Amino acid sequence: MALPTKLTLEIVTPERSLVSQLVDEVQLPGSEGYFGVLPGHTPLLTTLQVGELWYRIGQEKHYLAVAFGFAEVLSDRVTVLAQIAERPEDIDVPRAEAAKRRAEERLARPAMDMDFERARIALMKSLIRLQVASQARTRV
C-alpha cells in the first residue's frame with residue numbers, strides 16, 4: 001500500500017469548525033512538547049497544551065493559537081478537537097496584551113489565595129495569542 005501524499009486536517013472547537021482541508025504538514029503543541037506530522041505518520045492520540053499550531057500547504061504556512069484538547073493522528077488525517085483555537089485575524093491584540101499584563105501582575109505579587117496555575121495558563125494563552133498575531137503581521 002502506497003503512503004499518502006497529503007493529510008486531511010480538521011480543526012474543531014466547541015463553537016465551530018476552523019479548518020477542513022488537505023495539507024502537506026502540521027506541527028502541534030502536544031502533551032510532551034511540539035511534534036510534526038507528515039503524511040504516513042504513525043497513528044497516535046495525544047492531549048494538547050497551550051501553543052502555536054501551524055500547517056503547511058505547499059510553501060505557505062498558516063498559524064493558529066490553540067489551548068487544550070486532543071489530537072488524533074492517522075497516516076492520512078489529523079483531527080484536532082481544541083478547547084480554544086484562533087486564527088491570527090480573530091485575535092484581539094489589545095485584549096491579549098491586557099490579559100498578559102494582568103497575568104504578569106498576578107504572578108509578580110502572588111496572594112495567599114491565588115491560583116498560581118490559573119495565572120500561569122492565562123499568561124501562556126496571552127503570549128501565544130500575541131505570537132500568532134505577530135506571525136500574521138510579519139507575513140503581510
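Read from the N terminus, the elements of the protein follow the order β-β-β-β-β-β-β-β-α-α. That makes 8 strands and 2 helices. The model is a predicted one. Along the principal axes, the C-alpha atoms occupy a box of roughly 60 × 35 × 25 Å. The protein has 140 residues, and 37% of them count as buried.

**Enclosed space**

Rolling a probe the size of a water molecule over the atoms shows where empty space is left. How many cavities of 30 Å³ or more does the whole structure hold? The search finds 1. The largest cavity contains about 50 Å³ of space.

Its lining can be named in full. Val50, Ala65, Val66, Ala67, Ile84, Glu86, Lys125, Ile128 and Arg129 line the largest cavity. Three elements each give at least two residues to this lining: strand E7 (60-74), strand E8 (77-86) and helix H2 (116-139). By class, 6 of the lining residues are nonpolar and 3 are charged. Polar residues are absent from the lining of the largest cavity.

**Open space**

The largest pocket has a volume of about 320 Å³. Helix H1 (93-108) and H2 are the elements that supply two or more residues to its lining. There are 14 lining residues in the largest pocket. Nearest its centre lie Arg95, Ala96, Ala99, Arg102 and Arg129. Which element gives the largest share of this lining? H1 does, with 6 residues. Charged residues number 8 in the lining of the largest pocket, beside 5 nonpolar and 1 polar.

Arg129 appears in both accounts. It lines the largest cavity, and it is among the residues nearest the centre of the largest pocket.

The two spaces are set out below.

| Space | Volume | Nonpolar lining residues | Polar lining residues | Charged lining residues |
|---|---|---|---|---|
| Largest cavity | about 50 Å³ | 6 | no polar | 3 |
| Largest pocket | about 320 Å³ | 5 | 1 | 8 |

**A nonpolar surface patch**

On the surface, Leu45, Phe70 and Leu81 form a nonpolar patch. Together they have about 340 Å² of accessible area. Leu45 sits in strand E5, which covers residues 44-48. Is Leu45 buried or exposed? Leu45 counts as exposed, because its relative accessibility is 66% and the cut-off for exposed is over 50%.

Note on methods:
Residues numbered from 1 in each chain as written. Predicted model: local features only at pLDDT ≥ 70, side-chain atom pairs only at ≥ 80, totals over all residues. Heavy atoms only, no water. Patch = residues over 30% accessible without salt bridge, like charges linked within 9 Å, V, L, I, M, F, W, Y side chains within 5 Å. Areas by Shrake-Rupley, 256 points an atom, 1.4 Å probe, with all protein chains shown as cover. Salt bridge = Lys/Arg side-chain N within 4 Å of Asp/Glu carboxyl O. Helix = DSSP H or I, 4+ residues; strand = E, 2+ residues; numbered from the N terminus. Buried < 20%, exposed > 50% of the residue type's maximum accessible area, 1.4 Å probe, protein only. 1 Å grid on protein atoms, 1.4 Å probe; cavity = no way out; pocket = protein on both sides within 12 Å on 5 of 7 lines; lining within 4 Å. Points joined across faces, edges and corners; volume = space filled by probe spheres on them. Nonpolar A, V, L, I, M, F, W, Y, C, P; charged D, E, K, R; others polar.
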